[in-house]
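Visitor: Could you walk me through this structure and show me how to read it?
Guide: Gladly; let us put it on the screen.

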Amino acid sequence: MTLAEVLAGATGYLAARGVDSPRLDAERLLAHGLGVTRLELYTQHDRPLTEAERDAVRELVRRRGAREPLAYVLGDWDFRHLTLKTDARALVPRPETETVVERCLALIEGVEAPRVVDVGTGTGAIALSIAYERPDAEVVATDRSPDALELARENAAGNELAVRFVEADLLDGLDGPFDLVVSNPPYVLAAELDGLEAEVRAFEPRAALVDEGQTARLAEQARSMLDGWLVLEVHEHRAGEVRELLLAAGYGMVSIGLDLSGRPRVVEAQWQLPTSNTP
Ligand SMILES: C[S@@+](CC[C@H](N)C(=O)[O-])C[C@H]1O[C@@H](n2cnc3c(N)ncnc32)[C@H](O)[C@@H]1O
């Protein structure tokens, strides 16, 4: 069979299994399996594939057809300027989280050597992006999942970035003050899980998805070690609720930001530690 025939077969197979973008995914899987670029799939379209090549591609397409996330099957994923290793140890970094990083960078723009903590770091996407884009920042990242932290450490090493990773429940055990506390906490309600796409429901870690009150606890806890900005990624239907929560907790300058599709996905707020009058 030629490359073009295998590509057409893979596309049909993925489409029949409900994959959202079957042609694009098939192209990316074939390119990965054959070690070529997507453009080369077309310049080599009439090349017959060897048995070994077909086996390699078949396994990748089978996994994607079982609705495993494309990022897990490929094993890495681009996030802003970095390429991160991605597997079942942590949530796949989403495009809306890139908007969260953008807000963080804007808020710490005038701060020299900012102290930053990323709570629930997963692959390390937010922490590592800030470390990369603000090399003078001192970045700490926490997660309750040892598996996620192991992956985040591999991503730090792979991108040659220095971030201190700490296994902790939210901010437990950390010393402030921080200029920025950022988090993309789990924000799916348990009752909403069944309505999620198969890729998320069946493959991504439940601990990364299900809201167990982390947002409210973090808003409360951050007040003792924040002298700057809290930036939270939120469920698009609950931005208003989170805004009210932060206002009730005494935060100032609370505002809601939109992601690239215009959905309310980022809530930011300011907290200033009281200045001490003790001589
Ligand atoms: C939605 S994922 C976000 C991952 C990553 N920050 C991103 O944006 O791609 C949430 C992460 O929070 C972690 N997590 C959940 N509860 C936590 C807690 N109480 N303390 C620290 N981390 C927690 C999960 O293990 C998971 O890695």
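Guide: We will go from the whole chain to the ligand, then to one helix and one residue. This is a predicted model, in which local features need pLDDT of at least 70 and side-chain atom pairs count only at pLDDT 80 or more, while totals for chains, interfaces and linings use all residues. Residues are numbered from 1 along each chain as its sequence is written, and side-chain values use heavy atoms, with hydrogens and water left out.

Visitor: How many helices and strands does the protein chain have?
Guide: Helices (H or I, at least four residues) and strands (E, at least two) are DSSP runs, numbered from the N terminus. The protein chain has twelve helices and nine strands. Its C-alpha atoms fill a box of roughly 80 × 40 × 30 Å along the principal axes.

Visitor: What share of the residues is buried?
Guide: Buried means under 20% relative accessible area, exposed over 50%, and partly exposed in between, with a 1.4 Å probe and protein chains only. Here 48% of the 279 residues are buried.

Visitor: Which residues are closest to the ligand?
Guide: A residue is near a molecule if one of its heavy atoms lies within 4 Å of it. The ligand is surrounded by 19 residues, and the closest are G120, D143, D169, L170 and N184.

Visitor: What polar contacts does the ligand make with D169 and L170?
Guide: A polar contact is a pair of N or O atoms within 3.5 Å; within protein, one must be able to donate a hydrogen and the other to accept it, and residues adjacent in sequence count only if both atoms are side-chain atoms. An N or O atom in the side chain of D169 is 2.7 Å from a ligand nitrogen. For L170, a polar backbone atom lies 2.8 Å from a nitrogen atom of the ligand. Helices α10 (206-209) and α11 (214-222) each give two or more residues to the shell around the ligand.

Visitor: Why is helix α7 described as largely enclosed?
Guide: Seven of the nine residues of α7 (residues 125-133) are buried, so the rest of the structure largely encloses this helix. The buried ones are A125, I126, A127, L128, S129, I130 and A131.

Visitor: Where is I256, and what does it touch?
Guide: I256 sits in strand β8 (residues 252-258). At 36% relative accessibility, I256 counts as partly exposed. Contact means heavy atoms within 4.5 Å. Leaving out residues up to four places away in sequence, I256 touches A239, G240, R243, P264, V266 and V267.
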